Amino acid sequence: KGDDVKGLLRKACSENILFKGMREEEISDCVDAFYSCNYEKGQDAIVQGDAGDKFYVIQSGSMEVLVSVASAPASRVGQLTDGMTFGELSLMYNTPRAATIRAESD
């Protein structure tokens, strides 16, 4: 990872509740453990209802947030862009994913 990517990850971690209370060296260990994932337009990063096992930081591009209530089709409820994060709630509370996050750009 380049210094720019490490800086982005460090900033994202320092601003996220999942990492609150961690010492700097612990955050550095987390940053070192991150790896890159690329998604094509229309591809889902996570799917509502699935088990959560990852935390995500968007390096570049945009993702749409889709939520389905009961058996209704999913509705767009938001957008995530550069530097934003998602996936922490499922990890923190050991609950299924609360939304589908889909790539809007490559």
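This report walks through a predicted model of a protein, from its overall build to single residues.

## Overall build

The protein has 106 residues. Its secondary structure comes to 3 helices and 6 strands. Read from the N terminus, the order of elements is α-α-β-β-β-β-β-α-β. The radius of gyration is 14 Å, close to the 13 Å that the globule rule gives for 106 residues, so the protein is as compact as a globular protein of that length. Along its principal axes, the C-alpha trace spans about 45 × 30 × 20 Å.

How much of the protein is buried? The share is 28% of the 106 residues. The accessible surface comes to about 6,600 Å². Carbon and sulfur atoms account for 50% of that surface.

Sequence distance is worth a look too. Take the contacts between residues at least 6 apart in sequence. Of these, 63% join residues at least 24 apart.

Charges come next. The protein carries 11 positive and 17 negative charges. The mean positions of the two groups are 2 Å apart.

## The nonpolar cores

Which residues form the largest nonpolar core? There are 11 of them: Ala45, Ile46, Tyr56, Ile58, Met63, Val65, Leu80, Phe86, Ala99, Ile101 and Ala103. Three elements give two or more residues each to this core: strand E1 (44-46), strand E3 (63-67) and strand E6 (100-103).

Apart from this core lies another one, of 10 residues. Among its members are Ala12, Cys13, Val31 and Phe55.

Phe86 belongs to the largest core. What does phenylalanine 86 touch, leaving aside its neighbours within four places in sequence? Its contacts are Ala45, Ile46, Phe55, Tyr56, Ile58, Met63, Leu80 and Ile101. Phe55, in that contact list, is a member of the other core.

## Five residues, from buried to exposed

The table lists five residues with their places and relative accessible areas.

| Residue | Place | Relative accessible area | Class |
|---|---|---|---|
| Alanine 12 | helix H1 (residues 3-14) | 6% | buried |
| Threonine 81 | loop between E4 and strand E5 (85-86) | 32% | partly exposed |
| Glutamate 25 | helix H2 (residues 24-33) | 44% | partly exposed |
| Asparagine 94 | loop between helix H3 (88-93) and E6 | 73% | exposed |
| Alanine 70 | loop between E3 and strand E4 (75-80) | 82% | exposed |

Start with alanine 12. Its relative accessible area is 6%, and buried means under 20%, so alanine 12 counts as buried. Leaving aside neighbours within four places in sequence, alanine 12 is in contact with Val57, Gly83 and Thr85. Alanine 12 and arginine 102 are 90 residues apart in sequence. In space, their C-alpha atoms are 20 Å apart.

Now threonine 81. This residue sits in the loop between E4 and strand E5. Why is threonine 81 called partly exposed? Its relative accessible area is 32%, which lies between the 20% limit for buried and the 50% limit for exposed, so it falls in the middle class. Leaving aside neighbours within four places in sequence, threonine 81 is in contact with Ile58, Gly61 and Ser62. Glycine 61 is 20 residues away from threonine 81 along the chain, and their C-alpha atoms are separated by 5.9 Å.

Glutamate 25 is in helix H2. With 44% relative accessible area, glutamate 25 is partly exposed. How far is glutamate 25 from tyrosine 93? Along the chain they are 68 residues apart, and their C-alpha atoms are separated by 24 Å.

## Two positive phi angles

Two loop residues have a backbone angle to note. Phi of alanine 70 is near 55 degrees, a positive value in a residue other than glycine. Asparagine 94 also has a positive phi, of about 50 degrees, although it is not a glycine.

Are these residues buried or exposed? Alanine 70 has 82% relative accessibility, and exposed means over 50%, so alanine 70 counts as exposed. Asparagine 94 is exposed as well, at 73%. Alanine 70 lies in the loop between E3 and strand E4. Asparagine 94 lies in the loop between helix H3 and E6.

Notes: Residues are numbered from 1 along each chain as its sequence is written. This is a predicted model: local features need pLDDT of at least 70, side-chain atom pairs count only at pLDDT 80 or more; totals for chains, interfaces and linings use all residues. Side-chain values use heavy atoms; hydrogens and water are left out. Helices (H or I, at least four residues) and strands (E, at least two) are DSSP runs, numbered from the N terminus. The radius of gyration is taken over C-alpha atoms; the globule rule is 2.2 Å times the number of residues to the power 0.38. Buried means under 20% relative accessible area, exposed over 50%, partly exposed in between (1.4 Å probe, protein chains only). Contact means heavy atoms within 4.5 Å. Accessible areas come from the Shrake-Rupley method with a 1.4 Å probe; for residues, only the protein chains shown count as cover. Lys and Arg count as positive and Asp and Glu as negative; His and the chain ends are not counted. The place of a charge is taken as NZ of Lys, CZ of Arg, CG of Asp or CD of Glu. A nonpolar core is a set of buried Ala, Val, Leu, Ile, Met, Phe, Trp, Tyr and Cys residues joined through side-chain atoms within 4.5 Å.
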